[in-house]
Every structure is written in structure tokens, then in C-alpha cells.
Amino acid sequence: MLLTVLFGNIIGCLLTAWLIAYAQPDCVEPAAKILAGRLAKGSWACFLLAIGCGFIMTTAVEFARKGKMLPLVLGVPVFILCGFAHSIADAFYFLVSPADVVLQPTVLVVYLSEVLGNFVGCNLYRWLMLFTPKS
């Protein structure tokens, strides 16, 4: 199911990227800068940054399920301010960037490292909860 959701999100990002590139072309350059920054960091750094994002977002959702909404409200701004990588947000940034840049093989490697990092980060919370005493 996760692969289906990921694929659906990427298709949604692609359609949105086409719309934005056409209707708001001044967004292409900033998106390309984000992509260039991710490529400059490399796949290992992007993997580690994605773990942080996955952890923050899953923790925020878990708190929201318990009726504590502040972490949910702050989750997105915190991961953005920390510079963490979100694979779905980056799918949009990558896909709205110029095609000659996006079609480089290193883009796929960096993107897959972010997907894996988000997966590890979101499961990190669950793994830590296995070792936390229940009250």
C-alpha cells in the first residue's frame, strides 16, 4: 500500500508541477535551487535529513491522535526550519525543475534516499515506543 500511496503522490506532484510551471513560471527557479541544494548535499545527507522529517511528522501525528494538537501544528514549520527533507514536497520541487536537470540519474538516487529516510524516520518513533514503559 505504501508504494501505491507514494506513486499517487508523485503523480499528483507531477500534475501540480506542470500546472505551476505553466501558470506561475517564476516558481521554477526557486524549485531548481532546492533540487541543486539536495544534489550538492548528496544521497547520504538527504537520507539523514529525511529521517528527521519522518520522525517529526510521525511524532506530531501520534500526539494529535492523543488530542494534543500543538505538535501537529508545529511539525511542518519545524521540519522546514531544520532543513529536513520531505520526499513528497521534494517530488514537487524536483518535478517543477527544468527537465534536463531532473533527468539526471543522481536525482533518482537522492530522491530514493529521501523516501527511505522518511520511512526510517517515521518508524523510528514506533521503534522507540517499543522500549518506552506504558503508563
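In the predicted model, Asp-90 counts as buried, with a relative accessibility of 1%. This aspartate is found in helix α5, which spans residues 87-96. When neighbours within four places in sequence are left aside, the residues in contact with Asp-90 are Ile-34, Arg-38, Ala-85 and Glu-114. The surroundings of Asp-90 reflect those of the helix as a whole, since α5 is mostly covered, with 7 of its 10 residues buried. Besides Asp-90 itself, the buried positions of α5 include Ser-87, Ile-88 and Ala-91, together with Phe-92, Phe-94 and Val-96. The cover over these buried residues includes helices α1 (2-23) and α2 (28-41), as well as α6 (99-102) and α7 (105-130).

Helix α5 belongs to a protein chain that contains 7 helices and 0 strands, so that the order of elements along the sequence reads α-α-α-α-α-α-α. Taken along the principal axes, the C-alpha atoms of the chain fill a box of roughly 55 × 30 × 30 Å. The chain has 135 residues, of which 34% count as buried. Among contacts between residues at least 6 apart in sequence, 79% join residues that are at least 24 apart. The accessible surface of the chain comes to about 8400 Å², and carbon and sulfur atoms account for 76% of this area.

A second buried polar residue, Thr-58, lies in helix α3, which covers residues 43-65. Thr-58 counts as buried at 10% relative accessibility, a value that falls under the 20% cut-off for burial. The side chain of Thr-58 reaches the backbone oxygen of Gly-54 at a distance of 3.0 Å. Beyond its neighbours within four places in sequence, Thr-58 is in contact with Cys-122, Tyr-125 and Arg-126.

The cysteines were examined next. The structure holds 0 disulfides. For Cys-46, the closest cysteine sulfur is that of Cys-53, and the separation of 12 Å is too far for a bond; a disulfide would require the two sulfur atoms to lie within 2.5 Å. Cys-46 is also buried, with a relative accessibility of 0%. Cys-122, the residue that Thr-58 contacts, is likewise in no disulfide, and the nearest cysteine sulfur, again that of Cys-53, is 9.7 Å away.

At the surface, a nonpolar patch is formed by Val-61, Met-69, Leu-70, Leu-72, Val-73, Leu-74 and Val-78, which together present about 580 Å² of accessible area. Helix α4, comprising residues 70-82, contributes the largest share of this patch, with 5 residues. One of the patch members, Leu-74, lies in helix α4 and is partly exposed, its relative accessible area being 42%. This value lies between the limits of 20% and 50% that separate buried from exposed residues, and Leu-74 is therefore assigned to the intermediate class.

Technical notes. Residues numbered from 1 in each chain as written. Predicted model: local features only at pLDDT ≥ 70, side-chain atom pairs only at ≥ 80, totals over all residues. Heavy atoms only, no water. Buried < 20%, exposed > 50% of the residue type's maximum accessible area, 1.4 Å probe, protein only. Patch = residues over 30% accessible without salt bridge, like charges linked within 9 Å, V, L, I, M, F, W, Y side chains within 5 Å. Areas by Shrake-Rupley, 256 points an atom, 1.4 Å probe, with all protein chains shown as cover. Salt bridge = Lys/Arg side-chain N within 4 Å of Asp/Glu carboxyl O. Helix = DSSP H or I, 4+ residues; strand = E, 2+ residues; numbered from the N terminus. Contact = heavy atoms within 4.5 Å. Polar contact = N/O pair within 3.5 Å; in protein donor to acceptor, adjacent residues only side chain to side chain.
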